[in-house]
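I opened this model to take notes on its strands, helices and a few unusual backbone spots. Here is my notebook, in the order I went through it.

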Amino acid sequence: MSNAWNEGYFTDEGYTYGYSREINPVFQRYCLLLRGFATLESTDGYHCELGFGQGVSINIHAAGNPGSYVGTDFHPGQAAHAIGLASDWGSDARLYDDSFEQLLARNDLPQFDSISLHGIWTWVSRDNHKLIVEFTRRHLKPGGLLFISYNCLPGWSPLAPLRNLFSLHDRFSSQASVRPDQRIDAALQFSEALLAANPKYANSAPGLDAKLQSIKGQNRQYVAHEYFNRDWNCMYFTDVVDALSPAKLDYATTAVPVDSVDPLNLSAEGMDFLEGIEHPIMREQARDYFVNQSFRRDLYIRGANRLSASEHRERMLSTRFALLQAAGSVPDTVTGPAGAATLQPEIYRPVLEALADGDYAPKSLRHLLDLVPSLPYGDMEQAINVLIGMGAVAPCQSEAAEKLVQARCNSLNLQLCKRSLYGPKVQVLVSPVTGGGLVVSRIQQLFLISIKQGKKHPAEWAQLAWGIIGGQGEGLLKDGRALTTAEENLAELTEQAEAFAEGLLVILKALKVA
């Protein structure tokens with residue numbers, strides 16, 4: 001249960017080992033460039049992450065981006081994991097388990113090009129909000145960016161009372177000696193029983209039972225931190241704009257590229273209505289009602305400067321992009337708040353073929369237009385933007401930046417692959433091309449170890465992987481069925497290795513991961 005130092009934050013269960021691309025400075029700068037904003041970009045800048053969890057993202061970005069990193073997470077177990085990983089690959093990142101108050105009291109911190117906090121704003125107290133704003137006021141450079149994501153209204157309106165039930169049950173009905181996962185299950189069962197008793201609240205919020213069943217099926221580490229912290233500040237967009245204003249921050253845009261593609265997000269009536277709102281902040285808040293926004297990913301700038309139309313176009317043309325998956329595996333539909341839409345084959349097929357040209361090497365927007373001369377600039381820009389939103393494509397940093405970070409990316413990837421020998425916690429590797437992470441499963445990391453050892457054939461990669469997994473008493477699942485014999489497991493691993501050789505391995509080579 002709660003300890004004095006944790007200020008009501010659920011610390012009994014560590015956070016997940018996931019990766020967030022929105023914290024990647026390369027991705028952040030692209031989102032701002034897309035909307036015509038100038039950004040800082042230097043090879044010796046500083047970046048900060050507040051509340052880095054297990055430290056996967058901050059280690060990935062500290063390896064993949066030029067410059068240096070500072071971060072804190074006041075959960076000592078999570079900080080220890082992040083620091084241990086950083087030490088293993090030789091990072092110079094300064095990672096702490098400071099509270100925001102302790103971090104603010106330091107007198108040895110630099111001015112930052114970027115400060116990022118993913119989800120933390122929702123889960124800490126209003127006093128900590130003030131400390132975060134003051135930290136940003138003191139330490140974000142003019143022209144620097146802030147990324148902030150948070151649960152928001154109106155989307156959370158029906159579920160906020162349900163979430164409050166979880167937290168209250170854990171606070172008042174659980175015993176300290178009970179395991180965290182058991183306490184979570186007890187709170188979920190209590191809430192399920194309450195809804196079954198047909199309170200009027202349930203009638204006013206249709207679909208609550210389905211949502212509760214969905215939560216019951218989620219990772220318990222995620223559920224603990226999303227629903228069980230005592231502090232939970234779910235705010236409107238304009239509330240956050242006001243809270244950040246003392247740090248001289250201007251709202252710029254979201255870190256969701258497809259938000260700029262109105263037909264994916266809004267009905268015709270919604271687009272017409274929003275077109276009539278002149279003030280950008282009021283328009284953005286009203287937009288949240290049309291999409292029923294429940295989670296925002298926003299970018300602010302300290303001193304926003306707009307690029308001229310010609311400079312914006314030139315910077316876009318010079319930006320490189322790369323596929324993150326085989327061109328043939330990209331879905332032919334994309335889904336937004338307005339529903340699913342089919343990707344026009346006459347546009348997307350040639351764009352994907354151009355991106356795959358030359359063994360998937362990264363290409364500038366200018367190069368892509370040369371490869372698809374029939375496609376107008378606007379259509380090409382939107383197609384790339386949609387593919388980035390789908391996670392199929394990533395913006396790339398400059399070739400000069402890529403060369404600066406190649407060696408440290410190699411070091412981190414080696415350490416992550418070594419860790420895959422013992423378990424599947426971190427299933428992501430870093431690319432010096434994108435400056436960010438790419439999902440690579442434990443099995444695929446074991447294949448990469450085999451390749452590093454000089455083994456050239458998928459059957460050999462499968463043999464090494466089975467030697468590790470089978471030796472630990474584990475096995476694979478296929479079509480929901482556990483494979484029980486060595487022959488079955490080896491056959492499945494060989495099949496996976498052959499698919500890896502023809503698919504993801506090609507991408508990893510283009511992204512200079514393998």
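**The sheet**

I began with the open sheet, where seven strands lie in the order β3-β2-β1-β4-β5-β7-β6 with mixed pairing. Its edges are β3 (94-96) and β6 (250-254), each of which pairs on one side only. I also looked up the turn between neighbouring strands of this sheet, which is 15° on average with direction ignored. Axes here are lines fitted to C-alpha atoms, for helices over the stretch in contact, and angles run from 0 to 180 degrees between N-to-C directions.

Some ground rules, friend. This is a predicted model, in which local features need pLDDT of at least 70 and side-chain atom pairs count only at pLDDT 80 or more, while totals for chains, interfaces and linings use all residues. Residues are numbered from 1 along each chain as its sequence is written, and side-chain values use heavy atoms, leaving out hydrogens and water. Helices (H or I, at least four residues) and strands (E, at least two) are DSSP runs, numbered from the N terminus. Two strands pair if DSSP finds at least two bridges between them.

**Around β5**

How many bridges does β5 make with β7, and in which sense do they pair? I found seven bridges between β5 (residues 140-151) and β7 (residues 295-301), in the antiparallel sense. With β4 (residues 112-118), β5 pairs in the parallel sense over six bridges.

I followed Phe-147 of β5 across: Ser-116 stands opposite Phe-147, and Phe-147 stands opposite Leu-299 in β7. β5 is mostly covered, with nine of its twelve residues buried. Buried means under 20% relative accessible area, exposed over 50%, and partly exposed in between (1.4 Å probe, protein chains only).

Next I checked what packs on the sheet. Helix α12 (residues 237-244) touches β5, β6 and β7, and its direction makes about 30° with that of β7. Contact means heavy atoms within 4.5 Å.

**His-118**

I picked out His-118, which is found in strand β4. Is His-118 buried or exposed? Neither label fits: His-118 has a relative accessible area of 24%, so it counts as partly exposed. Leaving aside residues up to four places away in sequence, I see His-118 touching Ser-20, Ile-23, Phe-147, Ser-149 and Phe-295. The side chains of His-118 and Ser-20 are joined by a polar contact of 3.4 Å. Such a contact is a pair of N or O atoms within 3.5 Å; within protein, one must be able to donate a hydrogen and the other to accept it, and residues adjacent in sequence count only if both atoms are side-chain atoms.

**Two helices**

I compared helix spans with expectation, which is 1.5 Å times one less than the number of residues. For α3 (residues 76-89), 14 residues at 1.5 Å a residue should span 20 Å, and the end C-alpha atoms are 20 Å apart, which agrees. Its buried residues fall within an arc of 160° seen down the axis of α3, so they line one face of the helix. The arc is that of the directions from the helix axis to the C-beta atoms. Just after α3, Gly-90 takes a positive phi of about 80°.

For α17 (residues 345-360), a straight helix of 16 residues would span 22 Å, but the end C-alpha atoms span only 20 Å. Its buried residues include Ile-347, Tyr-348, Val-351 and Leu-352. Among the elements covering the buried residues of α17 are β8 (320-323), α19 (377-389) and α24 (504-510).

**A hairpin**

β9 and β10 form a hairpin with two residues between them. Four bridges join β9 (residues 333-336) to β10 (residues 339-342), and the two run antiparallel. Along β9 the side chains alternate: Val-334 and Gly-336 point to one face and are buried, while Thr-333 and Thr-335 point to the other and are not. In β10, I noted Ala-340 as the bridge partner of Thr-335.

**Odd backbone spots**

Most residues other than glycine have a negative phi, and most peptide bonds are trans, so I looked for exceptions. A cis peptide bond joins Leu-153 and Pro-154, with omega about 15°. Pro-154 sits in the loop between β5 and α7 (160-172).

Asp-479 has a positive phi, near 55°, and lies in the loop between β15 (477-478) and β16 (481-482). With a relative accessible area of 77%, Asp-479 is exposed. Lys-512 has a positive phi near 60°, in the segment after α24. At 38% relative accessibility, Lys-512 is partly exposed.
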